[in-house]
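Biologist: I should like to take a close look at one kind of contact in the structure below. Please explain each step for a first-year student.

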Amino acid sequence: MDLLALAIKSMFIENMIFAFFLGMCSYLAVSKKVKTAIGLGAAVVFVLAITVPLNWTLDHFILQEGALSWLGDDFATIDLGFLRFIMFIATIAAMVQLVEMAVEKFSPALYGALGIFLPLIAVNCSILGGSLFMVTREYTFSEALVFGPSAGIGWMIAIVCLAAVRERMKYSNVPAGLRGLGITMIVTGLMGMAFMAFMGIKVEGGKKGEESTKVESKETKPAKAEENTVSLR
Amino acid sequence: MSTETLEQEKVAQIAEPAEPLFSAKRKRYVTDPLDDDNPVTVQVLGICSALAVTSQMAPTMVMAIAVTVVVVFSNVIISLLRNLIPSSIRIIAQLGIVATIVAVVDLVLKAYMFDVSKSLSVFVGLIITNCIVMGRLEAFAMGNKPWDSALDGLGSGLGYSWVILAIAFFRELFGSGKLFGFTIIPESAYTAGYENFGIMVTPVGAFMVVGIIIWLQRTRNGYVEEH
């Protein structure tokens, strides 16, 4: 039950795009058509589902303080935390490459659908962000296993919705300076407002989400609640 | 820092004795990204962190400096190594170098500005995947000399900095009535019925402010994007 709550929380409440702005570059660049958006979204889910648990394993058996104790007592005090960024990004880049090769070999159809998006993903912030959140929020392995794909699904929902809105927007007359990036930002803002309604959902086992990592001041929380009700009407 | 710049100057002088250190072309490397070719509002790069850290001025300032430092140094290092890196593995090589520089920046922040580093949380690490850094490495540093690359990195860093500082200015001023943590909106305004816009400190406010800044800048420059 706890894991289900975590899945719902990372999909909707702490959505990668609307709450943490992660993966915005490809979110803005590849959201012109619903079909390509679905392709990229699926690739992100796929890669997040693999890299987050993998990086959890690396973090707990190599990087954390005392994690190397399985090598013997001499290694028990070593803290390799400063290597975390390099290790994670190398894992992600290598995994993306491996996944690309494996998919090409075993499922040409899937490769045709995901192929061009896979290399893009190595530099998608939401992938590295997922791994870093997994560390700062101190997830257990099973939580990491659930967090990876559900964060990806949240990202996918966001990009597919935006692509659908942008497809319709072709038929409307947007002011010249606002065309393209400007209006996309504002649409994203409006979608974010709708997603803020999910913040009202109470989920079980919210202990880890409470220590919010956002750069927001606490006194604004009541104001946020008011905004929620406004946007709901 | 100073020895580093000296070395770059030396390299540039040896490489191109004819061209002055700050020729018109080189000045354009710094000034172009500020307005006409801005990384955030025109090239649409680095939006991720541009929005995430901008609810207050102070962390935004630190982020702006951190990104500028990372862009300049990674540009210079990649530019020095540009003839040694095989093109098939250049992405991994670039990521490795950027990740190393970001790790250094992260450790410096943790050592000297622990509170700020805590409030920036994962976003310091995410400079690695900041598209501006990768974009400049790919587009400029792989094909240009170190001093030019340093200037180019500086320009992109500054272009990024002013945009995120502008966003943070509006978000903090209207969202909590403060700038750098000091109250700006007088108490009398609140008693007269003024209220902070709660929405400005939320992600939604960030999207809106960026949208409007892009609108204003593009209207001024006459840049129109086709659907």
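Biologist: With which residue does A:Arg84 form a salt bridge, and how far apart are the closest N and O atoms?

Modeller: The model is predicted. In it, A:Arg84 forms a salt bridge with A:Asp59, and the closest N and O atoms are 2.9 Å apart. A:Arg84 belongs to helix α4 (residues 84-106) of chain A, whereas A:Asp59 belongs to helix α3 (residues 34-63) of chain A, so the pair ties together parts that are 25 residues apart in sequence. A:Asp59 has a relative accessible area of 1%; it is therefore buried, because buried means under 20%.

A search of the whole structure finds 4 salt bridges over all chains, and chain B offers further examples. There, B:Asp152 and B:Arg136 form a salt bridge, again described by its closest N and O atoms, which are 2.9 Å apart. B:Asp152 lies in helix α9 (residues 146-176) of chain B and B:Arg136 in helix α8 (residues 131-139) of chain B, so this pair ties together parts that are 16 residues apart in sequence. Both B:Asp152 and B:Arg136 are buried.

Another salt bridge joins the side chains of B:Lys110 and B:Asp106, at 3.2 Å from N to O. These two residues lie in helix α5 (residues 90-112) of chain B; because they are 4 residues apart there, about one helical turn separates them. As for their surroundings, B:Lys110 is partly exposed, with a relative accessible area of 43%, while B:Asp106 counts as buried at 10% relative accessibility.

How values were computed. Residues numbered from 1 in each chain as written. Chains lettered and ligands numbered in written order. Predicted model: local features only at pLDDT ≥ 70, side-chain atom pairs only at ≥ 80, totals over all residues. Heavy atoms only, no water. Buried < 20%, exposed > 50% of the residue type's maximum accessible area, 1.4 Å probe, protein only.
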